[in-house]
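Here are some notes for a colleague who is about to look through this model, set out as numbered points. Please read them with the structure open alongside.

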Amino acid sequence: MTNTEQERWTRVKGRLRTEIGEDVYSSWFARMDLEGLESGTARLSVPTRFLKSWIQSHYAERLLACWQAEQNEVNRVELIVRSAVLRNAAVKPKEIESVNGHRGNGFEGRAATAGDAGAHEALGGSPLDARLTFDSFVVGRSNTLAQAAAKQVAAGKRGETVMFNPLYIHSGVGLGKTHLLQAITWAGNASGERKVLYLTAEKFMYGFVQSLRVQNTLAFKEALRGIGVLVIDDLQFLQGKNTQAEFCHTLNALIDSGRQVVIASDRPPSDLESLDERVRSRLAGGLVVEIASLGEELRFEILKARVAAARSHHPGFDVPLPVLTYIAKAVTHNGRDLEGALNRLLAHSKLTGHTVTLEMAEREVRDLIRPQEPKRVKIEDIQRVVARQYNVSRSDLLSSRRTANVVRPRQVAMYLAKTLTLRSLPEIGRRFGGRDHTTVLHAVRKIEGLVGNDMALAEEIEILKRQLQE
Ligand code: ADP
Ligand code: MG
C-alpha cells in the first residue's frame, strides 16, 4: 500500500471523527485499518466480527460517504475481520461482505455456529472492573445524590418494594457513571439478594442480535426476566429499531414486575432522540440524577485516593501534596484524565527512578490540560434566559401565541437552541411546544437574516450567548 493511500485513509478517518464525534469514533473505529485500495473498492479490516457487523449495519453509508468526499472514485467499501485474514492468509470469500449502504443489516451471511457461545456470553453480562466499587468512589457535591441512589439500589432486597424505577444517571464523559453502575453490580451480587446483570448497551444489542440469529429470542428474554436488577450502561449507543423495541419490552416487563432497572447515559431521557416518546417518558418516570462536573476539591480527593491505591502495589511511589494540588487544579476535565495523569507520573517515576516533582508533573500532564470544554447548554436554560431577557414567561415561548412580543423571543430561543446545542430541528421543535421542524428552520433563517443588519439584535444575541456559556 502506498503512503498516499495511508494519508488518504488518515483524512477519511479525520472526517469520520468530526462527523460522529470523538466518543463514537473511538468506540467503533479506533481499531479499523486500511488493507488495500483497488479499482474503486476500499478494503478495511477490524479485529472482531461484532465490530464488523455493527459498523456494517450502522455506519456503512457514512463510511462510504467519507471516502467519496476524499476520493470520488471509491464506490464500495469492503469490511473484513482481521483475525480471519491472519489465520487463513488468503481471505475466504465468506468473510467478505460488501458494505454499500443498502445491504448489510448485520444479520446476514453468518452461519449459526458460534451462536450458542454468543447467546451465552450475552447473558453473562459485560466484563466488570474490580476497582470500580463503592469503596473507591469518592463522594462530593456533584455526585452525592447519584451515589446515595446507587447505594440504595444496591442494598435492595428481594421482594421489597422498589423505590424509584428506573434509576437513571446521566453526565458528561468521565464523571463516574460506569463506576457507580459497576459498584451497584458488585455490591448487589455480593449480597446475593438479587441477581444483578450489568450490560453495556452494545452488549444488550449484541445479545439480542445473537439470539435472533440462533432463533433463541425466547431464551434470551427468559434469562433477562430471571434477574433482579438490570443495569445498562451508555444507553445513548442503543440503536436500531428492533433492539429498541426489545429494550422497551424488557424495560416494561422488568419495571412492571417490580424489578429494578438502572441506566446510565450521556444525556437526559428527553434528549435520547432516537427512542420513541413512550420509552423516554418511562425512563424519565423514575429517578433521574445528573452528575455534575467534578469540582476541584473532589478532583483532589479522587487523586489522593488513587495515589493511596497505587501505593499498595508500588510502595516507593509518592506524590507530594503540591503536585496533587497542581493536578487537581490543572486537569479539570474528568476522572479519566485524572487517572491518566497519575498513570504517567507512576510510569515516569518507575522508569527513571526519580521521585515525582512539580516540574516533572508539569511536563508530563501538559497535554491533559485543555481549555475548558464549552459548557453543555440545555434547551431549558436557553428558554429560561431568553424569557427573562424579553420579559415573557417560559410557557409563552412554548405556547401557540403569535403576538409580536412572544414571536421574536421564541425565534431567538430556537435560533440559540440550534446554534448552541447539537439538537436536531425536529427535536428542537418538539421541545418548543411540539412545533414542526420547518417552523424551527424558519425561525433560524429569520434570525440569521436579521442579525446581519440589525446591530442591536446581534448584540442582544451575543449577550444571551455569553450568559448561557459562562
Ligand atoms: P463515565 O462512565 O461517566 O464516563 P467513569 O465511571 O468511567 O465515567 O469514570 C472515569 C474514571 O474516573 C474512572 O477511572 C473512575 O473510577 C474515575 N472516577 C470518576 N468519578 C469518581 C469518583 N467520584 N471517585 C473515584 N473515582 C472516580
Ligand atoms: Mg461510562
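**Notes on two helices, a loop residue and the ligand site**

1. On the face of H1 that points away from its buried side sit the exposed residues Asn-3 and Thr-18. This, like everything below, is read from a predicted model, and the wording should be taken with that in mind.

2. Helix H1 itself runs over residues 3–20, and its 18 residues reach 26 Å from the first C-alpha to the last, close to the 26 Å expected at 1.5 Å a residue. Its buried residues are Glu-5, Trp-9, Val-12, Leu-16 and Ile-20. Because the buried residues of H1 fall within an arc of 60° when seen down the axis, they line one face of the helix. Just after H1, Gly-21 adopts a positive phi of about 90°.

3. A similar reading can be made for helix H20, which spans residues 437–451; its 15 residues reach 21 Å from first C-alpha to last, close to the 21 Å expected at 1.5 Å a residue. Val-440, Ala-443, Val-444 and Ile-447 are the buried residues of H20. They take up an arc of only 95° around the axis, which places them on the same side of H20.

4. Lys-195 lies in the loop between H7 and strand E6 (196–200). Its relative accessibility is 49%, and since exposed would require over 50%, Lys-195 counts as partly exposed. In space, Lys-195 is 5.0 Å from Gly-228, C-alpha to C-alpha, although the two are 33 residues apart in sequence.

5. Turning to ligand 1, which residues of the 19 around it come nearest? They are Val-138, Gly-174, Thr-178, His-179 and Arg-336. By residue class, the shell around ligand 1 divides into six nonpolar, nine polar and four charged residues.

6. Oxygen atoms of ligand 1 take part in several pairings with the protein that deserve inspection. An N or O atom in the side chain of Arg-306 is 2.9 Å from an oxygen atom of the ligand, and an N or O atom in the side chain of Glu-339 is 3.0 Å from a ligand oxygen atom. On the backbone side, an N or O atom of Gly-176 lies 3.1 Å from an oxygen atom of ligand 1. Of the 560 Å² of accessible area that ligand 1 has on its own, the protein covers 94%. The elements that contribute two or more residues to the shell around ligand 1 are helix H7 (177–191), helix H12 (296–313) and helix H14 (335–352).

Key
Residues numbered from 1 in each chain as written. Chains lettered and ligands numbered in written order. Predicted model: local features only at pLDDT ≥ 70, side-chain atom pairs only at ≥ 80, totals over all residues. Heavy atoms only, no water. Near = heavy atom within 4 Å. Polar contact = N/O pair within 3.5 Å; in protein donor to acceptor, adjacent residues only side chain to side chain. Areas by Shrake-Rupley, 256 points an atom, 1.4 Å probe, with all protein chains shown as cover. Helix = DSSP H or I, 4+ residues; strand = E, 2+ residues; numbered from the N terminus. Nonpolar A, V, L, I, M, F, W, Y, C, P; charged D, E, K, R; others polar. Expected span 1.5 Å × (residues − 1). Buried < 20%, exposed > 50% of the residue type's maximum accessible area, 1.4 Å probe, protein only. Arc of directions from axis to C-beta.
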